[in-house]
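Biologist: I should like to learn how to read the features of a model that is new to me. May we go through them one at a time?

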6 protein chains.
Amino acid sequence: MSQILTAVYNQVATIALNHPETRNSLSCQMLEEMLQAIEQFSHDENVRVLVIRAPRGTKVWSSGFNIHELPVSGRDPLSYNDPLECLLRAVARFHSPVIAMIEGSVWGGACDLSFVCDIAIGCPTSSFAITPAKLGVPYNISGIMHFFNIVGPRIAREMFYTAEPISAERALQVGILNHLVSVEELEAFTYAMAGRIADNSPLANRVMKEQLRLLADAYPLRPETFEYVQGLRRMAYDSKDYEEGKRAFLERRKPVFSGK
Amino acid sequence: MSQILTAVYNQVATIALNHPETRNSLSCQMLEEMLQAIEQFSHDENVRVLVIRAPRGTKVWSSGFNIHELPVSGRDPLSYNDPLECLLRAVARFHSPVIAMIEGSVWGGACDLSFVCDIAIGCPTSSFAITPAKLGVPYNISGIMHFFNIVGPRIAREMFYTAEPISAERALQVGILNHLVSVEELEAFTYAMAGRIADNSPLANRVMKEQLRLLADAYPLRPETFEYVQGLRRMAYDSKDYEEGKRAFLERRKPVFSGK
Amino acid sequence: MSQILTAVYNQVATIALNHPETRNSLSCQMLEEMLQAIEQFSHDENVRVLVIRAPRGTKVWSSGFNIHELPVSGRDPLSYNDPLECLLRAVARFHSPVIAMIEGSVWGGACDLSFVCDIAIGCPTSSFAITPAKLGVPYNISGIMHFFNIVGPRIAREMFYTAEPISAERALQVGILNHLVSVEELEAFTYAMAGRIADNSPLANRVMKEQLRLLADAYPLRPETFEYVQGLRRMAYDSKDYEEGKRAFLERRKPVFSGK
Amino acid sequence: MSQILTAVYNQVATIALNHPETRNSLSCQMLEEMLQAIEQFSHDENVRVLVIRAPRGTKVWSSGFNIHELPVSGRDPLSYNDPLECLLRAVARFHSPVIAMIEGSVWGGACDLSFVCDIAIGCPTSSFAITPAKLGVPYNISGIMHFFNIVGPRIAREMFYTAEPISAERALQVGILNHLVSVEELEAFTYAMAGRIADNSPLANRVMKEQLRLLADAYPLRPETFEYVQGLRRMAYDSKDYEEGKRAFLERRKPVFSGK
Amino acid sequence: MSQILTAVYNQVATIALNHPETRNSLSCQMLEEMLQAIEQFSHDENVRVLVIRAPRGTKVWSSGFNIHELPVSGRDPLSYNDPLECLLRAVARFHSPVIAMIEGSVWGGACDLSFVCDIAIGCPTSSFAITPAKLGVPYNISGIMHFFNIVGPRIAREMFYTAEPISAERALQVGILNHLVSVEELEAFTYAMAGRIADNSPLANRVMKEQLRLLADAYPLRPETFEYVQGLRRMAYDSKDYEEGKRAFLERRKPVFSGK
Amino acid sequence: MSQILTAVYNQVATIALNHPETRNSLSCQMLEEMLQAIEQFSHDENVRVLVIRAPRGTKVWSSGFNIHELPVSGRDPLSYNDPLECLLRAVARFHSPVIAMIEGSVWGGACDLSFVCDIAIGCPTSSFAITPAKLGVPYNISGIMHFFNIVGPRIAREMFYTAEPISAERALQVGILNHLVSVEELEAFTYAMAGRIADNSPLANRVMKEQLRLLADAYPLRPETFEYVQGLRRMAYDSKDYEEGKRAFLERRKPVFSGK
Ligand code: NI
Ligand code: NI
Ligand code: NI
């Protein structure tokens, strides 16, 4: 059965994560369904805004990447053609603005997903945690860019090094949230903004979104620099700590990292 | 008759927009006068700071680009040698710091002008709206950079996609305003800061301004990427929506965009 | 006698500036001692976080570069192999996260030092001033980048042009401080965060720190642009104003700059 | 009737320009047919090399862009979505190596087409001329890059400024041709090389082609630089000389350029 | 027993590959010995030039990477910390000019080694082949850059796609060789040039070598572009063809590639 | 008395170096005169090509920078505002193509001058030597780029490290010369090409020249990289070897470099 719900109404499309059993975990199935929905909306002339949300009243917007599906040691866990990476690019390249409507906590890969949306609207239960340091996963540079662009280097470092959640209030202050409204108002506020965007010129918004995306991607590095980074990342995903991180998570205990 | 007033006092130059009939619209004449004033100040050894302002008590700092002067369909409305583009570069390259002293609302191209100033001081009546999505105008990448640099990607996207004004309070929080003071204090506060800057080393400030400008411009893109963006922009300014946006504005009605 | 104190406890290393006679001025001796300590910690497998701090109760975290040691006119005062520049790079390249624990005021070169730390925790007595414009010193582009990255262009320009201190409250708002806590809590809060980081994967944090550093450095400029900037900087450090700035500082009077 | 012939044999695909009436002019129809052929080959798993050629014995490989189809003054004649530009990108992005087999003279846009092929094999009748300076057309930066990459700045400048043909002998020396063989051997030599390539790993060749393409495109420019170039190009295609160039060509007389 | 010979004479250091049993294959042992020799020379103030050569009369300068040591499927065969990659960087970063004195044929990884040397002197028996397409190995972008820089895109593509050797005569024409002399003169010619370089300013040569290296590395790409390339490369080294290439080589038969 | 001759004839301007006493040394006076001539031609609508040449029959086209005018130790000898640097930029930015007509030998800074011209035509007496390694001068990165662009890395390294002259024949092969003709034909050949260029569209040539210049400058480096290079260069111009190189040249003896 489908893990998401989709709708189009008044030129505003919606994808609602809808799999409470896994707290909306970004399993392969969930990711593929989202990719298909976006692909479909991208051919729908009627769609001028996309809202990504979870069901009303949820405690967890999404629990993030499905740790069971992390690859074995010796393989890059964040490779270009993995479905999560494909989804992040599909959101960034979607022809129209994408609004993340955030109720509940957002974890790991879902935190990255919420950061690639153009705009984010939250409520007091929203929180954001990016957790690779807890798992021993060497995050990839395009993912780190998503955070660096939105919260700047100081908050990005704190988020990555501590892997602790950021509260809704602080998320507003540091620029993760465009607006923080009450749970009751969240839906109305979000769709009102979506409606105002849908009334504006879709051609102008499309080209401005592309330009904004290109500016956000303009961190050119020398090939040797990337190969160096990839070498460091490989040391991490070849390490014992990488296995320890995953095992500890699945055993619901604190990992013990040796740096090896 | 001149649409601006200029003055130099205590090493601080001032340009005051002064054309209430058009709510300080950035007409060709206004823009040419500002360019001439800046050219003149740039040869005046006595000038160490420039303040750009509107008259005391104004409701509109500037209503922005003169829509009557938008080019016909099929022509890029934001070309390198257009006077507004020349003015934005002249402000960014002026040898000394430029302070935008903002009383009243700031619209469209004037919003871009206020963003290329080095520092902005506002008061409770200040507000900022960047409106190309309402007009169907595909904004240009250097203009989008001015916003991206100051407010980051999330607020920039909201401003561009919604075309709605940002209030003074929020402008302070998101980094548009360096300081928000009462209307009564605005002038004294601004000129006090200008005076403190004028007491510092003009040679050090000049080279630091250039370095800051160069960092803010360091978004290198591949030529093919630009040609792709220019192709997207051309589709927009060749479209029917481009004409509809302009016509609706002049007829003071809401535009109806078809995406074509 | 040594001007710093060092310690390692629970995988958290500490460097405490400890030279009240000069208000922790960044003299050559101080800088060399810090470089040695960091070099030593970088070979210590036990170290997973580094805290840089001043003694409890200090009014001045550091008074910054030792003005007596500024080079004579005609020589670049901020050259690649100067000890302050070496220290800034050593902090940015240190294999583990570095937290600046800030009590008291931070001036000039010490302000730059506090900005290259990954994370900064402050208290109500913290303040930050970057003062080359008062001295007539043309700051260098890598130093300007440190500020540009953290506070964005508008606050960076205000800090550089005015050379005035930023208060703790404002430092929190503009992103200089990750957290602002009371003086009493400062130590406990800082070391608690350090402990949480030390529990996470050191390999993941190491590669994520490198990636964050590389993104923060990705401001590529053309060689001719640098040579132009270096030419402007040379005009400034060859000028009379450069000598006036230094002399006025040592004579504890306000400089009189002529722009020559 | 079709203006091209296509074939696939032994994993080597061929496109033969075949419209002697217009001396294989790159008319819209010719370009669309080539685009369709390449699209089709890109889905054919059997294709590992593509040869682009003209019929045996031709004096003109291709006469280049169809001047009748140049846009009117005031419109960019080399826009991203024009069919010639689409074809150049399709060749560069084709999943397998593309060999230009050149018999006869190559003019204007066809010269650019021959330059985006991976490898070129010629014979004594081959010659290459890039002619926008004769027509008053401001060439675009991606096109100029194709020449700059292959012949370096000195020969590129001579080719663009003089618009004179380069002989086969000189084409070999300056790197336009990989090999220069007799007319009789041309076909056998070319298909022998194609066969050797087809025997090698198609996956390795595909990724190496992409990497070579990306290196050849790595000329990052600042957005303002591109807008400046676009402004210069617009001055040229808005000029009287642009019209004079086209008219003179169609009237088969030498143009008289005024620089206006 | 050592696989290389080293010497320093008249400020000119020499590394001679000396393992005829494997035709100077770049085995791990050979690579480690070369790395150690270079490390040692880098601390020898007396060394101002380095010559890398094979014994007089050899037919094979080096047979290249030891195919037995290629990693299993699923692992990147050209990773940053592999000894061949370390050697290539050590040569490029060596403080003094490095001359490749080439007698005999040069294959695969040894071809890359000869390309990172600053200068190459050859004789009629020299030839150069870069063979990953024959093995099904997706070459890495820094390696491809070494060829792209020296022979330009057209010859680089031919070399990579065909994997065929380039003769000494052609190597001179396309810029692989600085000079082509007779076998008898090779040694005298090479050491005479080395001597002339050693007489010049070592400080000037050191900084000019660094600048030339940095220019040759200035191909900045966006992080997403690298991740895309790395994704393509992973598809290739995860493929059946990767295994077929290695197996066929070891079985001394022609590989049969399926593209899968 | 003037050290150059200038003329404009048939839309072709000429600057002839004309100071045989110093073998056309690029003294400050010579450089200033050339800068003035170019400034004047840049406002002359009649000028569509510029030829830079020496008098008929000269043995030395130019002996290069005037070594007596090299700055003292401790000062960068190749600073942005030095007249030679200004001249190199003026040639590269001149609105029309510039042809170097080379009779005789070209040394040091004059070699750089000949490389920034768009096109070079030589005769059998032409030769090219770039000599900073003989003088102990750390060349600057924009100068090194001029050579790197035209002759590629291998020949550039040989030229810089050996400081030996390149003969006319080899200059043609490696791409320094566009054409090599007899001394008798040199003038006719050069002015015939100049005439053909002058007949083409000046607007198209102007924008294509700018685009070619921008591509040739597209070597973006990180600020820290440049500061590192500048640090290395400073070590060299602060060294004893820098003084030894200059002294030995003026004493017409071979320098003895110690590396200090
Ligand atoms: Ni002027
Ligand atoms: Ni298709
Ligand atoms: Ni060492």
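Modeller: The dialogue below takes up strands, sheets, the relation of chains, metal sites and cysteines in turn. Please keep in mind that this is a predicted model.

Biologist: Let us begin with strands. How do strands of a sheet pair?

Modeller: Strands of a sheet pair through backbone hydrogen bonds, and the pairing is either parallel or antiparallel. Both kinds occur around strand E2 of chain C, which spans residues 12–17. With strand E1 (residues 4–9) of chain C, E2(C) pairs in the antiparallel sense over six bridges. With strand E3 (residues 49–53) of chain C, E2(C) pairs in the parallel sense over five bridges.

Biologist: Which residue of E2(C) is the bridge partner of Leu5(C)?

Modeller: The partner is Ala16(C). Towards E3(C), Ala16(C) has Arg53(C) as its bridge partner. The hairpin of E1(C) and E2(C) has two residues between the strands, and there Asn10(C) takes a positive phi near 55 degrees.

Biologist: Are the faces of E2(C) covered or exposed?

Modeller: In a regular strand the side chains alternate between the two faces of the sheet. In E2(C) both faces are covered. Val12(C), Thr14(C) and Ala16(C) lie on one side, Ala13(C), Ile15(C) and Leu17(C) on the other, and all of these are buried. Thus six of the six residues of the strand are buried.

Biologist: What is the order of the strands in the six-stranded sheet of chain E?

Modeller: The order is E1-E2-E3-E5-E7-E10, in an open sheet with mixed pairing. At its edges are strand E1 (4–9) and strand E10 (179–180) of chain E, each pairing on one side only. Within the sheet, strand E3 (residues 49–53) and strand E5 (residues 98–102) of chain E run parallel and pair over three bridges. Leu50(E) stands opposite Val98(E) in E5(E).

Biologist: Which strands make up the open sheet of four strands in chain D?

Modeller: Its order is E4-E6-E8-E9, again with mixed pairing. Strand E4 (60–62) and strand E9 (166–167) of chain D each have a single partner strand, so one side of each is left without a neighbour in the sheet. Strand E6 (residues 105–107) and strand E8 (residues 127–129) of chain D run parallel and are joined by three bridges. Ser105(D) stands opposite Ser127(D) in E8(D). Helix H3 (residues 109–116) of chain D packs on this sheet and touches E4, E6 and E8 of chain D. The direction of H3 makes about 105 degrees with that of E6(D).

Biologist: How should one read the relation between copies of a chain?

Modeller: Two copies of a chain are related by a rotation about an axis and a shift along it. Chain D is superposed on chain E by a rotation of 120 degrees with 0.0 Å of shift along the axis, at an RMSD of 0.0 Å. That is the relation of a three-fold axis. Chain E is superposed on chain F by a rotation of 120 degrees, likewise with 0.0 Å of shift and an RMSD of 0.0 Å.

Biologist: Why do chains D and E meet through different surfaces?

Modeller: Only 3% of the interface residues of chain D are also interface residues in chain E, so the copies meet through different surfaces. For chain E and chain F the share is also only 3%, so the reading holds there too. Not every pair of chains is in contact: chain A and chain D do not touch, and their nearest C-alpha atoms are 9 Å apart. Chain B and chain F do not touch either, with nearest C-alpha atoms 9 Å apart.

Biologist: Which protein donors hold the nickel ion (ligand 2)?

Modeller: Glu39(D), through OE, and His43(D), through NE2, coordinate this ion at 2.1 to 2.2 Å. Glu39(D) is partly exposed, with a relative accessible area of 46%, whereas His43(D) is exposed at 60%. For the nickel ion (ligand 3), the protein donors are Glu39(E) (OE) and His43(E) (NE2), at 2.1 to 2.3 Å. Here Glu39(E) is partly exposed at 45%, and His43(E) is exposed at 60%.

Biologist: Finally, how many disulfides are there over all chains?

Modeller: The count is zero. Cys86(B), for instance, is in no disulfide, and the nearest cysteine sulfur, that of Cys28(B), is 10 Å away. A disulfide would require the two sulfur atoms to be within 2.5 Å. Cys86(B) is partly exposed, with a relative accessible area of 23%.

Note on methods:
Residues are numbered from 1 along each chain as its sequence is written. Chains are lettered from A and ligands numbered from 1 in the order in which they are written. This is a predicted model: local features need pLDDT of at least 70, side-chain atom pairs count only at pLDDT 80 or more; totals for chains, interfaces and linings use all residues. Side-chain values use heavy atoms; hydrogens and water are left out. Donors are N, O and S atoms within 2.8 Å of the metal (3.2 Å for Na, K and Ca); water is not among the atoms, so sites may look incomplete. Buried means under 20% relative accessible area, exposed over 50%, partly exposed in between (1.4 Å probe, protein chains only). Copies are superposed by least squares on the C-alpha atoms of residues with pLDDT of at least 70 in both. Contact means heavy atoms within 4.5 Å. Two strands pair if DSSP finds at least two bridges between them. Axes are lines fitted to C-alpha atoms, for helices over the stretch in contact, and angles run from 0 to 180 degrees between N-to-C directions.
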